[in-house]
Amino acid sequence: RVLSCGLKDFCAHGGAGDAAAGTAGDKRVPKIASVVGILGHLASRHAGSIKQELLRMFHESLGSPREHHKATVPFLLQLALMSPALLATVSPELVDSLKPPVLNQLHQHFSAVPRDELEGVVGVVVHLLCHTSSGALRTLRFLLATAAP
């Protein structure tokens with residue numbers, strides 16, 4: 001419920017386009033900060049459920065034309081930027097799930113995004129990759145295998 005409410009708020013405030021910016025003066029920052037805080041508190045007892053729900057949201061959003069699903073990946077990226085613990089929890093399984101069909105869905109998902117927004121999303125992904133210690137070797141191997149199969 002926390003993730004669902006956070007995503008709805010993110011969508012209501014135009015989060016899909018602005019997710020990479022993460023401006024501090026933005027009205028939704030306190031709500032996203034609350035989502036991160038609540039998830040951080042729940043993680044001690046429910047880490048597996050949180051990880052499962054984050055991954056489910058990601059995969060469900062890729063095949064859906066619904067408006068709030070278009071904002072799911074930027075929303076999840078914003079959560080990862082704000083919570084290294086969430087990033088560390090989900091990144092190994094996420095990398096494992098990025099098989100060719102999922103990568104094709106990601107490509108289709110972002111093919112209609114304006115170039116400047118896409119560059120912002122790519123910048124966020126690179127930033128997250130550079131600041132990920134958990135599973136860094138696995139991620140690097142994935143990137144190399146994907147770039148040159």
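A salt bridge is a side-chain nitrogen of Lys or Arg within 4 Å of a carboxyl oxygen of Asp or Glu. In this predicted model, Glu53, Arg56 and Glu60 are linked in a network of such bridges. Within that network, the closest N and O atoms of Glu53 and Arg56 are 2.4 Å apart. Both residues belong to helix H3, and because they are 3 residues apart, about one helical turn separates them. Glu53 is partly exposed, with a relative accessibility of 28%, and Arg56 is also partly exposed, at 38%.

It helps to step back to the whole chain at this point. The protein chain holds 9 helices and 0 strands, so every element along it, read from the N terminus, is an α element. Of its 149 residues, 34% are buried. When contacts between residues at least 6 apart in sequence are considered, 72% of them join residues at least 24 apart. The accessible surface of the chain is about 8,900 Å², and carbon and sulfur atoms account for 61% of that area.

The interior comes next. The largest nonpolar core has 32 residues, and the members that touch the most others are Leu3, Leu54, Phe58, Phe75, Leu76 and Leu79. At least two core residues come from each of helix H1 (2-12), helix H3 (29-62), helix H5 (72-82), helix H6 (84-97), helix H7 (100-110) and H8. H3 gives the largest share, with 10 residues. Phe58 offers a good view of this packing: beyond its neighbours within four places in sequence, Phe58 contacts Thr72, Val73, Leu76, Leu94, Leu98, Val102 and Leu106.

Several of these partners lead to helix H5. Here 9 of the 11 residues are buried, so H5 is largely enclosed by the rest of the structure. The buried residues of H5 are Thr72, Val73, Pro74, Phe75, Leu76, Leu77, Gln78, Leu79 and Ala80.

Helix H7 can be read by its sides. Val102, Leu106, His109 and Phe110 are buried in H7. Seen down the helix axis, these buried residues fall within an arc of 80°, so they line one face of H7. Pro100, Pro101, His107 and Gln108 are exposed on the other side of H7. The relative accessibility of His109 is 14%, which places this residue under the 20% limit for buried residues. Leaving out residues up to four places away in sequence, His109 touches Ser61, Leu62, His69, Lys70 and Val73.

Charged pairs deserve a further look. Side chains of opposite charge can pair when their charged atoms come close. A search of the whole structure finds 6 salt bridges. One of them joins the side chains of Lys31 and Asp9, at 3.4 Å from N to O. Lys31 lies in helix H3 and Asp9 in helix H1, so this pair ties together parts that are 22 residues apart in sequence. Lys31 is partly exposed, with a relative accessible area of 44%, whereas Asp9 is buried, at 12%.

Another salt bridge is found in helix H8. Glu119 and Arg115 form this bridge, their closest N and O atoms being 3.3 Å apart. The two residues lie 4 places apart in H8, about one turn of the helix. Glu119 is partly exposed, with a relative accessible area of 48%, while Arg115 is exposed, at 66%.

Helix H8 (residues 115-130) is also the place of Val125, a partly exposed residue at 34% relative accessibility. Together with Leu129 and Leu143, Val125 forms a nonpolar patch on the surface, and the three residues have about 210 Å² of accessible area together.

Note on methods: Residues numbered from 1 in each chain as written. Predicted model: local features only at pLDDT ≥ 70, side-chain atom pairs only at ≥ 80, totals over all residues. Heavy atoms only, no water. Buried < 20%, exposed > 50% of the residue type's maximum accessible area, 1.4 Å probe, protein only. Contact = heavy atoms within 4.5 Å. Areas by Shrake-Rupley, 256 points an atom, 1.4 Å probe, with all protein chains shown as cover. Patch = residues over 30% accessible without salt bridge, like charges linked within 9 Å, V, L, I, M, F, W, Y side chains within 5 Å. Core = buried A, V, L, I, M, F, W, Y, C linked by side-chain atoms within 4.5 Å. Arc of directions from axis to C-beta.
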